Amino acid sequence: QIGQCVKRWQSSLVLVEHDSEKISTASLSAITAASKLGDVSCLILGDKCQEVANSVAKVNNVKNVYVTEHSALRGFLPEIMTPLIIACQSSFKFDVIIAAATGFGKNIIPRVAAKLDVSCCSDVIAIKQSDVFVRPLYAGNALATIKVLDAVKVMTVRPTTFPPAGMNSGNATVRQGPVLEAETAVSEFIGQELSRSERPQLTEAKVVVSGGRGMKSAENFKLLYDLADRLGAAVGASRAAVDAGYVHNDFQVGQTGKIVAPDLYIALGISGAIQHLAGIKDSRTIVAINTDADAPIFKVADYGLIADLFEAVPEMIAILDKS
Amino acid sequence: MQCKDNIGYKHLTVIVSCGNGRSKFVCPSFSVISVLMLQLIGRQVKHMSLRVLVSVKRVIDYAVKIRVKNDKSGVVTEGVKHSINPFDEIALEEAIRMKEQKHAAEVIAVSCGPPSSQDILRHALALGVDKAIHVEVDAKQYEHVEPLHVAKILQCIVKEEDVNLVMLGKQAIDDDCNQTGQMLSALLNWSQAIFASKVEINAPDYVTVTREIDGGLETVRCKLPSVITADLRLNTPRYATLPNIMKAKKKPLVKKNLAELGITIKPHKQIIEVSEPPPRKVGQLVGSVQELVDKLRSDGLIN
């Protein structure tokens, strides 16, 4: 029914996140959101992104692809990308500028909004009309329906609430994007330290197994990895587990970590603080294994098991191995 | 005394031997060493020239289970425990450490909002901030204040106070926007480093920031002046001690209003309604691991 209320002559610009090889799944979700708001154009910036641009041209509903390659765009610094997005906006006057609410999108989109002197809607979870959006407040404990009064709508969208756009029926033309003019750089990208994993990505996995303080040590996470591998699951953690040093920060699920919405979320030794629940509440099925029958996680769990995870998880692995 | 400076005098060691309260320079030429000392002090002063502004917000305490108002106009705030936004507390701690490590000459805390915001400014003063600025916005008008407005207010304060580093929390836990720092940086045309988990002031004109990104960590070098937003892992904030709380009462808390700053709150958004999220259906407890696996299998969630 969205199509009926949205004015179709609108145009939207999606700022594409990529790793120089392929478009991120989150950006494909942003394209789905953008296509509900009008004709979609994509802007691809990077030090190497011609390949990405060619593949984005095949994404469903994408009408135009603009690409700017420049060595200065390595590291995707917001100070360097923003003028390019503003230049693109000045040329084509989009009604909507949109990106996925990932670390990449959150870094740059508010900067773009301020340059345009308009407000920004973060983490939009539903599009009601061309100017009416729904977004969560207070760690997802309230939902605000907001009418944006600015002529240009600038927003980030929560990838887990919009399905990724397909990549088969698009037929866009790839064009040269705005030219990067030489300017004094105010920041410099030094480098990255990415945690590599064979497991699926946390935000895209169908099954997520998470551990909390109840895991008791980093070594014990081995047990959780064993279970995750049998389920083809990604591994997550609560803030308590991250703060205790059991796993790296980018495993954190919650209000200030990653928002996940898998088909199955298994919480092991996680009490279920408000901030953690904010990151998992949209999961289809939530399973909790905890020794504390009063743990708040049981209030949101579809299936709860009051048990010691150090007994329950090996048992579960044994059952899964048997069949 | 050993002086190290990452820029000019990497391996310079100045020896000062002290005996009976009299200082004696162990050096062939007093004039040479005094020139070097002066140059070093000059650099030190340059380090000390950081003037840090920390933006703090008063929000409903993170542990409170919020309630949506019956008329769906917002959430209930009356009679609810409020505190400083947890991320702002981290930003504050980092700024205070910069002062303790002699990187910052002055740390100023600022908050926009109704008079109740002064609680958290007093708290900031008790933690070690030199001065607090309260930009008073009446409660009615405050409902329309958005990150862009706050960024414009902060822009004014930055100019007035000649600030060259602004620290903010990465997001406020009430509106969960995660915008103000980026917007302020845009308005000022400064460098930005958001989601900081490590901040190093290792040169007079630059700050090196490790940022938490989706797949791990990233390092950027920002030219000062700069805007940095704090992530959870940046530090562990200290507690205010009773003597410091008492001392804070004597520290300056300057009040300003929007008219003085020449700012009008033009609404960019209109809240149509605030509602509760749809409740999840009531779950069930299972008696054994076998039962759990059977349920998940019959739901088609696992093989």
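Partly exposed describes a residue whose relative accessible area lies between the buried range, under 20%, and the exposed range, over 50%. Lys147(A) has 26% relative accessibility, so Lys147(A) counts as partly exposed. The structure is a predicted model. Chain B holds nine helices and 15 strands, and 50% of its 303 residues are buried. The points below cover chain B as a whole, the salt bridges, some local surroundings and the backbone.

**Chain B overall**

- The accessible surface of chain B is about 14600 Å², and carbon and sulfur atoms account for 53% of that area.
- Among contacts in chain B with a separation of 6 or more, 68% are between residues 24 or more positions apart.
- An unreviewed UniProt entry lists residues 72-265 of chain B as "domain: Electron transfer flavoprotein alpha/beta-subunit N-terminal".
- Over residues 72-265, chain B is 33% helix and 32% strand. The C-alpha atoms at the ends of that stretch are 23 Å apart.

**Salt bridges**

- The count over all chains is 30 salt bridges.
- In chain A, Asp131(A) forms a salt bridge with Lys147(A), and the closest N and O atoms are 3.1 Å apart. This pair links distant parts of the chain, 16 residues apart: Asp131(A) is in the loop between β6 (126-129) and β7 (132-137), and Lys147(A) is in strand β8 (residues 142-148).
- Asp131(A) has a relative accessible area of 14% and is therefore buried, whereas its partner Lys147(A) is partly exposed.
- In chain B, Arg58(B) forms a salt bridge with Asp119(B), with 3.7 Å between the closest N and O atoms. The two residues are 61 residues apart and link distant parts of the chain, Arg58(B) being in strand β4 and Asp119(B) in helix α3.
- Both ends of this bridge are partly exposed: Arg58(B) has 23% relative accessibility, and Asp119(B) has a relative accessible area of 47%.
- Lys170(B) forms a salt bridge with Asp231(B), the closest N and O atoms being 3.4 Å apart. This pair also links distant parts of chain B, 61 residues apart. Lys170(B) is in the loop between β8 (165-169) and α6 (180-188), and Asp231(B) is in the loop between β12 (226-230) and α7.
- Lys170(B) counts as buried because its relative accessibility is 6%, and Asp231(B) counts as buried because its value is 3%.
- A network of salt bridges links Arg239(A), Asp243(A), Glu212(B) and Arg233(B).

**Surroundings of Lys57(B)**

- Lys57(B) is in the loop between β3 (50-55) and β4 (58-60) of chain B.
- The side chain of Lys57(B) makes a polar contact of 3.0 Å with the side chain of Asp174(B).
- Leaving aside neighbours within four places in sequence, the residues in contact with Lys57(B) include Ser83(B), Asn85(B), Asp88(B), Ser111(B), Tyr142(B), Asp174(B) and Asp175(B).
- Another of these contacts of Lys57(B) is Ile120(B), which is one of the buried residues of helix α3.

**Helices α3 and α7 of chain B**

- Helix α3 spans residues 118-127, and its buried residues are Ile120(B), Leu121(B), Ala124(B), Leu125(B), Ala126(B) and Leu127(B).
- Gly128(B) follows α3(B) and has a positive phi, near 135 degrees.
- Leu242(B), Ile245(B) and Met246(B) form a nonpolar patch on the surface, and together they have about 290 Å² of accessible area.
- Met246(B) is in helix α7 (residues 242-248). With 45% relative accessibility, Met246(B) counts as partly exposed.

**Backbone features**

- Most residues other than glycine have a negative phi, and most peptide bonds are trans.
- Lys216(A) has a positive phi, near 70 degrees. Lys216(A) lies in the loop between β12 (207-211) and α6 (221-231) of chain A, and at 59% relative accessibility it counts as exposed.
- Asn178(B) also has a positive phi, near 60 degrees. Asn178(B) lies in the loop between β8 and α6 of chain B, and at 5% relative accessibility it counts as buried.
- The peptide bond from Leu224(B) to Pro225(B) is cis, with omega near 0 degrees. Pro225(B) is in the loop between β11 (216-223) and β12 of chain B.

Definitions and conventions: Residues are numbered from 1 along each chain as its sequence is written. Chains are lettered from A and ligands numbered from 1 in the order in which they are written. This is a predicted model: local features need pLDDT of at least 70, side-chain atom pairs count only at pLDDT 80 or more; totals for chains, interfaces and linings use all residues. Side-chain values use heavy atoms; hydrogens and water are left out. Patches are made of residues with over 30% relative accessible area and no salt bridge: like charges are joined within 9 Å, nonpolar side chains (Val, Leu, Ile, Met, Phe, Trp, Tyr) within 5 Å. Accessible areas come from the Shrake-Rupley method with a 1.4 Å probe; for residues, only the protein chains shown count as cover. A salt bridge is a side-chain nitrogen of Lys or Arg within 4 Å of a carboxyl oxygen of Asp or Glu. Helices (H or I, at least four residues) and strands (E, at least two) are DSSP runs, numbered from the N terminus. Buried means under 20% relative accessible area, exposed over 50%, partly exposed in between (1.4 Å probe, protein chains only). UniProt positions are given in the numbering used here, feature names are shortened, and annotations may be inferred rather than shown by experiment. A polar contact is a pair of N or O atoms within 3.5 Å; within protein, one must be able to donate a hydrogen and the other to accept it, and residues adjacent in sequence count only if both atoms are side-chain atoms. Contact means heavy atoms within 4.5 Å.
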